[in-house]
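Colleague: Could you walk me through this one, step by step? I would like to see how you reason.

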Amino acid sequence: LNPAIMDFSSQLANLQKSASAAQQGGNNSTHPNRDNRGSPSRNGQGNRPNFNSDRRRPPPRHGDNRRHNNNQNNQNNYYGREPPNKRQRRDHVEGPYRSPKWNNLKRAVDTLPKFQPKEEATPSPCSHLCLLAITINELPLEAIWRDWAERQNISISLICHAKEPNKVQSEWLKQRLLVNAPHAGRGNDFAAPTYHTRYPAWGSIEITRAMLDLSHESCKVGTDADMKDPRFSTNRYAISNKTDSTPLPKVDKVLFISETCLPIASLSEDMLSSSVSIVNARDTPNNGFSRQLQFEKIHSLVPKKFKADQWMMLSRTHLDAILQMLPPNFWECFVDCNASDELYFPTALALLGIVVADDTDQIVVRKKRITYADWSMGPKNPATFEASDLKKVVAEARNE
């Protein structure tokens with residue numbers, strides 16, 4: 001035979017043996033998608049592959065603490081980190097609320113002492129009234145307020161919180177805007193004052209905070225005789241000083257006003273009493289807006305909830321009690337409320353025992369309106385009066 005033909009026959013035989021061996025090995029393999037007979041499995045998964053010792057282990061899944069765990073006895077699954085020693089977990093907070101801040105605030109409210117007024121044989125008359133104004137920028141009725149203040153028999157001052165103080169054009173009003181605390185400038189002089197503002201939006205908690213800022217500032221009037229810089233001295237707030245003393249006498253009463261308020265009468269007898277506050281407070285909502293967006297939005301830790309007009313007159317003793325006895329962050333209980341400026345001060349007076357739920361007047365609180373407003377147009381905003389309505393509105397307001 002031809003040697004070339006023999007070589008080809010032997011190669012063909014070897015090829016057939018290799019094919020047979022390969023076929024037998026394929027039928028006995030453990031392919032993940034084949035069953036024991038070598039055919040694909042029906043469920044498409046087959047037997048799970050065996051991970052050999054030389055094959056890398058897959059990374060652990062989320063929550064798998066078998067690797068990189070320095071503390072095998074730790075059941076909190078910090079994955080190689082030590083449990084926090086300073087950070088307090090929410091489920092470890094003691095009290096009804098899941099936050100230390102709210103628990104501390106609740107304890108402060110629950111242990112709030114009742115206000116104990118000083119007994120006076122004859123209440124002293126008011127000698128200094130401070131107007132606390134909240135405006136957007138200008139005070140449109142500035143000339144009327146200045147003329148009204150000059151006609152009163154007591155000293156009148158005005159402190160203004162403007163949302164946009166840099167847009168105020170009146171030099172008279174600029175002198176009475178809230179400013180930030182002075183800081184050193186060149187030499188021994190203070191730097192130029194910067195205006196203080198909360199930039200309040202309609203119905204926001206920042207209006208309440210602006211009212212608190214004005215209240216704190218009014219308590220400083222007459223106590224800074226050492227301040228020689230007229231840009232920061234509280235003497236700049238004076239409109240009329242009937243005592244002819246420098247500095248101004250301490251404030252006896254405060255009256256909250258807005259930029260659209262208009263004075264239409266002189267101060268009455270109860271307004272001139274230094275121990276009487278005028279707050280038209282009530283402990284029940286008067287409409288759906290008041291119930292859903294005000295009373296129900298006050299934090300649950302507040303046990304008593306009252307509402308009144310933003311325009312109110314507070315005596316100095318009642319104002320000091322609110323500012324000194326209540327926690328400084330008590331306003332946070334009203335963050336979710338709409339128009340919280342109508343809720344904060346009457347609720348604070350109720351918690352101190354100054355205002356009660358009875359509808360009758362009290363000795364130290366007169367429950368009546370001090371600013372006439374027509375709410376017949378809706379609960380969000382009072383009606384706007386035109387110049388032609390002035391005579392009629394003034395008559396109705398004075399009759400109240």
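**A helix and a strand under cover**

Modeller: Happily! This is a predicted model. Let's start at glycine 353, which follows helix H8 and has a positive phi, near 80°.

Colleague: How many of the eight residues of helix H8 are buried?

Modeller: Here, buried means under 20% relative accessible area. Tyr344, Phe345 and Pro346 are among the residues of H8 that pass this test. H8 spans residues 344-351 and is largely enclosed by the rest of the structure, because the buried ones number eight of the eight.

Colleague: What covers the buried residues of H8, for instance which strands?

Modeller: The cover includes helices, among them H2 (100-110), H5 (205-218) and H7 (316-325). It also includes two stretches of strand: S4 (253-258) and S6 (313-315).

Colleague: Now strand S2: are its faces covered or not covered?

Modeller: In a regular strand the side chains alternate between the two faces of the sheet. On one side of S2 sit Ser155, Ser157, Ile159 and His161, and on the other Ile156, Leu158, Cys160 and Ala162. These residues are all buried, so both faces of S2 are covered.

Colleague: Which residue in S2 is the bridge partner of histidine 128?

Modeller: Strand S1 (residues 128-135) runs parallel to S2, and eight bridges join them. The chain goes from S1 through helix H3 (residues 142-151) to S2 in a right-handed β-α-β crossover. In S2, histidine 128 has as its bridge partner serine 155.

Colleague: And in S3, which residue is the bridge partner of isoleucine 156?

Modeller: S2 and strand S3 (residues 238-240) run antiparallel, joined by two bridges. Within S3, the partner of isoleucine 156 is serine 240.

Terms used: Residues are numbered from 1 along each chain as its sequence is written. This is a predicted model: local features need pLDDT of at least 70, side-chain atom pairs count only at pLDDT 80 or more; totals for chains, interfaces and linings use all residues. Side-chain values use heavy atoms; hydrogens and water are left out. Buried means under 20% relative accessible area, exposed over 50%, partly exposed in between (1.4 Å probe, protein chains only). Helices (H or I, at least four residues) and strands (E, at least two) are DSSP runs, numbered from the N terminus. Two strands pair if DSSP finds at least two bridges between them. A crossover is right-handed if, with the strands pointing away from the viewer, the path from the first strand over the helix to the second runs clockwise. Contact means heavy atoms within 4.5 Å.
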